[in-house]
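Here is a short tour for anyone who likes to read a structure with the model open alongside. Please have the sequence and the coordinates at hand.

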Amino acid sequence: MERRLQEEFPVSWVDDDYVTRREFFRFMTLASGGLAVGTAGIAAWSALSRESRSFDPVRIASRAEMRAGSSLAFAYPRSTDLCLLIRRPTGEFVAYSRRCTHLSCPVDYQPDHDRIYCPCHNGAFSLEDGHVLQGPPPRPLPQIRLEFRGDDIFAVGLMRGEA
Amino acid sequence: MTPTPTRRHGQQAIIFVALLLFCLVLVTIQLWLFVGSLEAHLRGNRAMSIPAAIISATVFGLNAWMYFGVRRIERQDL
């Protein structure tokens, strides 16, 4: 029986488990090559990903509808992407994604501090470019590009900020 | 004084193990670079990824050079 098994499986367990130093060296060199390719892939992904993307224009509101120091929630570019249009006390219009970059809690405009605030973990974002002012968010809020056509305000694209 | 074949073989084995350990350290550094550049990319910081890729490729070149060097030495001994 044992002889027959040896004929069926001629590989010895001892030899099968044995890995020479040269084989291990070759495996490590291959792993090194794989990691180099992976890191190059991340670099390519990083270089090719666009800062700004355009989508179909969507009308949000008219200038007259919004008084200074107020905000308006809207969805852009998809119906599930919540955003916030803000008219600052200076009269300037800005729009940002409403999803906090920390844990996706909805953020709110704070006219008293002229900033965007996340109540979940006390995160705050600047209205200048969406950069993080305080708290745990790891990256800025994506900014919505606006266009003015007469009295109407349109959302036309999305910009990702650098951390 | 010429070393005896046994002594020479022992020296080669020590050098081989030293190179293997060095290779392990280099692969660990590459793993750290890979994870670091992926984390930085997902955080939105893109400044790190290209230098990390260049360093990783250089380290791979060094590893490949060591591996082929060891193989060449082994072939010469046979």
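The report below goes from the fold of one chain to the contact between chains, and then to cysteines and charged pairs.

Please keep in mind that this is a predicted model.

**The fold of chain A**

Let us begin with the secondary structure. Chain A contains three helices and ten strands. Reading along the sequence gives the order α-α-α-β-β-β-β-β-β-β-β-β-β, with the helices ahead of the strands. Chain A has 163 residues, and 36% of them count as buried. Looking at contacts in chain A between residues at least 6 apart in sequence, 41% join residues at least 24 apart.

**Where chain A meets chain B**

How many residues does each chain bring to the contact? Chain A gives 24 residues and chain B gives 34 residues. Together they bury an area of about 2700 Å², and carbon and sulfur atoms account for 70% of that area. Three residues stand out on the chain A side: A:Arg21, A:Phe25 and A:Leu35 provide 24% of the area that chain A buries against chain B, more than any other three residues. By class, the side of chain A that touches chain B is made up of eleven nonpolar, seven polar and six charged residues.

What about specific pairings across this interface? The search finds zero salt bridges between chain A and chain B, while five residue pairs are in polar contact there.

A good place to look from the chain B side is B:Phe16, which sits in helix 1 (residues 5-43) of chain B. B:Phe16 is buried, at a relative accessible area of 9%. Leaving aside neighbours within four places in sequence, its contacts are A:Arg21, A:Arg22 and A:Phe25 from chain A, together with B:Val70 and B:Glu74 from chain B. A:Arg21 and A:Phe25 are thus met again here, having already appeared among the three residues that supply 24% of the area chain A buries. Within chain B, the C-alpha atoms of B:Phe16 and B:Met66 are 9.7 Å apart, although the two residues are separated by 50 residues along the chain.

**Four cysteines in chain A**

The whole structure holds one disulfide over all chains. The bond joins A:Cys105 to A:Cys120, with 2.1 Å between the sulfur atoms. The link is left-handed, with -100 degrees about the S-S bond. A:Cys105 lies in the loop between strand 4 (93-97) and strand 5 (108-110) of chain A, and A:Cys120 in the loop between strand 6 (115-118) and strand 7 (123-126), so the disulfide ties together parts that are 15 residues apart in sequence. The two partners differ in exposure: A:Cys105 is buried at 13% relative accessible area, whereas A:Cys120 is partly exposed at 40%.

Why is there no bond between A:Cys100 and A:Cys118? The closest cysteine sulfur to that of A:Cys100 belongs to A:Cys118 and lies 3.8 Å away, which is too far for a bond, because a disulfide needs sulfur atoms within 2.5 Å. A:Cys118 is accordingly in no disulfide. Both residues are out of reach of the probe for the most part: A:Cys100 is buried at 4% relative accessibility, and A:Cys118 is buried at 2%.

**Charged pairs**

Side chains of opposite charge can pair when their charged atoms come close. Over all chains the count is eight salt bridges. Three of them, from chain A, are set out here.

| Salt bridge | N to O distance | Relative accessibility, acidic residue | Relative accessibility, Arg |
|---|---|---|---|
| A:Glu128 and A:Arg88 | 3.2 Å | A:Glu128, 54% | A:Arg88, 7% |
| A:Asp108 and A:Arg98 | 2.6 Å | A:Asp108, 34% | A:Arg98, 19% |
| A:Glu147 and A:Arg149 | 3.0 Å | A:Glu147, 34% | A:Arg149, 39% |In the pair with A:Arg88, A:Glu128 is exposed and A:Arg88 is buried. A:Glu128 lies in the loop between strand 7 and strand 8 (132-134), and A:Arg88 in the loop between strand 3 (82-87) and strand 4, 40 residues apart. The pair of A:Arg98 and A:Asp108 also links distant parts of the chain, ten residues apart, with A:Arg98 in the loop between strand 4 and strand 5 and A:Asp108 in strand 5. Here A:Arg98 is buried and A:Asp108 is partly exposed. In the remaining row, A:Glu147 is partly exposed, and A:Arg149 is partly exposed as well.

Finally, salt bridges with shared partners connect A:Arg88, A:Glu92, A:Asp114 and A:Glu128 into one network.

Technical notes: Residues are numbered from 1 along each chain as its sequence is written. Chains are lettered from A and ligands numbered from 1 in the order in which they are written. This is a predicted model: local features need pLDDT of at least 70, side-chain atom pairs count only at pLDDT 80 or more; totals for chains, interfaces and linings use all residues. Side-chain values use heavy atoms; hydrogens and water are left out. Contact means heavy atoms within 4.5 Å. Buried area is the accessible area (1.4 Å probe) that two parts lose on being put together, summed over both. A salt bridge is a side-chain nitrogen of Lys or Arg within 4 Å of a carboxyl oxygen of Asp or Glu. A polar contact is a pair of N or O atoms within 3.5 Å; within protein, one must be able to donate a hydrogen and the other to accept it, and residues adjacent in sequence count only if both atoms are side-chain atoms. Ala, Val, Leu, Ile, Met, Phe, Trp, Tyr, Cys and Pro count as nonpolar, Asp, Glu, Lys and Arg as charged, and the others, Gly among them, as polar. Helices (H or I, at least four residues) and strands (E, at least two) are DSSP runs, numbered from the N terminus. Buried means under 20% relative accessible area, exposed over 50%, partly exposed in between (1.4 Å probe, protein chains only).
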